[in-house]
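Let's take a friendly walk through a protein model, with an eye on how its helices pack and how its charged side chains pair up. Have the structure open while you read.

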Amino acid sequence: MDYNSNRKKLPLPEYGRNIQNMVDHIMTIEDREERNVAAKTIIDIMGNLYPYLRDINDFKHKLWDHLAIMADFKLDIEYPYDPPKPETFQEPPKKVPYSSNHIKLRYYGKTLELMVDKAAEYENGEEKEILITLLANHMKKSYLTWNKDAVDDEKIYQDLELLSKGRIKREGLNLAETRDILIRSAPRKKQNTGPVRGPKKHRKND
């Protein structure tokens, strides 16, 4: 039996075995002009497999690059673009840059830390008071997602002072009750949306 597992591995499986067989065939064509015509025909067939990608920039360029890959970079034809080199695919992948920002308290996140830092720069007044209260309540809510039991408001005040580098020292803020936060954060039960059935009609006795 002829199983795919016994066949040559496909460089680009998304094009299938038939396209790969076409590429292998034009490798055996001796006349260069005939190879050029055959290569363009294969490019058209490859493009027809993914017509929704035709509007993408450099779509044709990608197809010719894929043809070179399937031919193991040994196909001698007149490429309309510079074909890729084998060395390009032997280079190790580049390292993905990860953020090196240090987060003081991870359960609050970096964004809230930046917001507290910005709030500390506000001039004293009602706007600053409201903003600090909103941030402190959000901190309490974030803390409770990690610790479902409880959190002392004093802990929020201490963390607020830490995140603001000592510029915000507040006590007695109007923080929401822990039970209220947990109730609002709890997932709601799905309501039964099935058809409402009325009472059964009893048949009167004759």
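The sections below look at a pair of helices, then some salt bridges, then a single glutamate. Keep in mind that this is a predicted model.

## Two helices that cross

When two helices pack, people describe them by the angle between their axes and the distance between those axes. Try that on helix α5, which covers residues 126–146, and helix α6, residues 153–163. Their axes come within 10 Å and cross at roughly 115°. The crossing of α5 and α6 is right-handed.

So who is touching whom? On the α5 side you'll find Ile132, Ala136, Met139, Lys140 and Tyr143. Facing them from α6 are Asp153, Lys155, Ile156, Asp159, Leu160 and Leu163. Sort the residues of this α5 and α6 contact by class and you get 7 nonpolar, 4 charged and no polar ones.

## A charged pair inside α6

Two of those α6 residues, Lys155 and Asp159, also pair with each other in a salt bridge, with their closest N and O atoms 3.2 Å apart. Both sit in helix α6, 4 residues apart, or about one turn of the helix.

Is Asp159 buried or exposed? Asp159 has a relative accessibility of 4%, so it counts as buried, given that the cut-off is under 20%. Its partner Lys155, at 27%, counts as partly exposed.

## Salt bridges elsewhere

Side chains of opposite charge can pair when their charged atoms come close. In this model the count comes to 11 salt bridges. One of them joins Arg32 and Asp76, at 3.2 Å from N to O. Arg32 lies in helix α2 (residues 32–49), while Asp76 is in the loop between α3 (59–70) and α4, so this pair ties together parts that are 44 residues apart in sequence. Arg32 is partly exposed, with a relative accessible area of 32%, and Asp76 is partly exposed too, at 41%.

That pair has company: Arg32, Arg35, Asp76 and Glu78 are linked in a network of salt bridges. Another salt bridge to look for is the one between the side chains of Lys118 and Glu121, at 3.8 Å from N to O.

## A tucked-away glutamate

Now find Glu113 in helix α4, which spans residues 109–119. Glu113 has a relative accessible area of 9%, so it is buried.

Which residues does Glu113 touch, leaving aside its neighbours within four places in sequence? Glu113 is in contact with His102, Ile103, Lys104 and Leu163. You've met Leu163 already, as one of the α6 residues that meet α5.

Definitions and conventions: Residues numbered from 1 in each chain as written. Predicted model: local features only at pLDDT ≥ 70, side-chain atom pairs only at ≥ 80, totals over all residues. Heavy atoms only, no water. Axes fitted to C-alpha atoms, helices over the stretch in contact; angles between N-to-C directions. Helix = DSSP H or I, 4+ residues; strand = E, 2+ residues; numbered from the N terminus. Left-handed = near helix turned anticlockwise from the far one by under 90°. Contact = heavy atoms within 4.5 Å. Nonpolar A, V, L, I, M, F, W, Y, C, P; charged D, E, K, R; others polar. Buried < 20%, exposed > 50% of the residue type's maximum accessible area, 1.4 Å probe, protein only. Salt bridge = Lys/Arg side-chain N within 4 Å of Asp/Glu carboxyl O.
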